[in-house]
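This report describes the fold, surface and charge of a single protein chain, and then turns to one pair of strands.

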Amino acid sequence: MGLAEPVHFTINGHKLPFDDFKGGTGAGETFEGEFEIRSFAHSLTLVGPESGSWKIRKIHVDYDCENTPPYSATFGEVALDETTEVNIWQDPPLPTWDV
């Protein structure tokens, strides 16, 4: 389920569009977007459409943060509308080693 609308996110409470994107948000489409954050992220959310709803099967986020090796996170199914957002911030994984 989807609507062909621009996708926005919030970083630290500021609503922004993606800088570079491809694909779409219509039913059955895949959306890919990029944004370079020039600040420390305290919060990062994907915002629902201004009207109607999106039923999202999966969200995959690739993070490339300073002083941390790149990492990824995948989030499950979610429905978003004009009143909802989903938290897509994931702290980097903790270092692991064998003992």
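A contact here means heavy atoms within 4.5 Å. The model is predicted. In the protein chain, residues 24 or more positions apart account for 51% of the contacts with a separation of 6 or more.

The secondary structure of the protein chain consists of 10 strands and 0 helices. Read from the N terminus on, the order of elements is β-β-β-β-β-β-β-β-β-β. The C-alpha trace spans about 50 × 30 × 25 Å along its principal axes.

Of the 99 residues in the protein chain, 29% are buried. The accessible surface of the protein chain amounts to about 7300 Å², and carbon and sulfur atoms contribute 52% of that surface.

The charged side chains of the protein chain divide as follows.

| Set of side chains | Count in the protein chain |
|---|---|
| Positive | 6 side chains |
| Negative | 17 side chains |

The centres of the positive and negative sets lie 6 Å apart.

Strand β7 serves as a local example. Which residues of strand β7 form its covered face, and which its uncovered one? Strand β7 covers residues 59-63. I59, V61 and Y63 make up the covered face, whereas H60 and D62 make up the uncovered face.

The partner described for β7 is strand β8, residues 71-75. The two strands pair in the antiparallel sense, over 5 bridges. Within this pairing, V61, a residue of the covered face of β7, stands opposite A73 in β8.

Methods. Residues are numbered from 1 along each chain as its sequence is written. This is a predicted model: local features need pLDDT of at least 70, side-chain atom pairs count only at pLDDT 80 or more; totals for chains, interfaces and linings use all residues. Side-chain values use heavy atoms; hydrogens and water are left out. Helices (H or I, at least four residues) and strands (E, at least two) are DSSP runs, numbered from the N terminus. Buried means under 20% relative accessible area, exposed over 50%, partly exposed in between (1.4 Å probe, protein chains only). Accessible areas come from the Shrake-Rupley method with a 1.4 Å probe; for residues, only the protein chains shown count as cover. Lys and Arg count as positive and Asp and Glu as negative; His and the chain ends are not counted. The place of a charge is taken as NZ of Lys, CZ of Arg, CG of Asp or CD of Glu. Two strands pair if DSSP finds at least two bridges between them.
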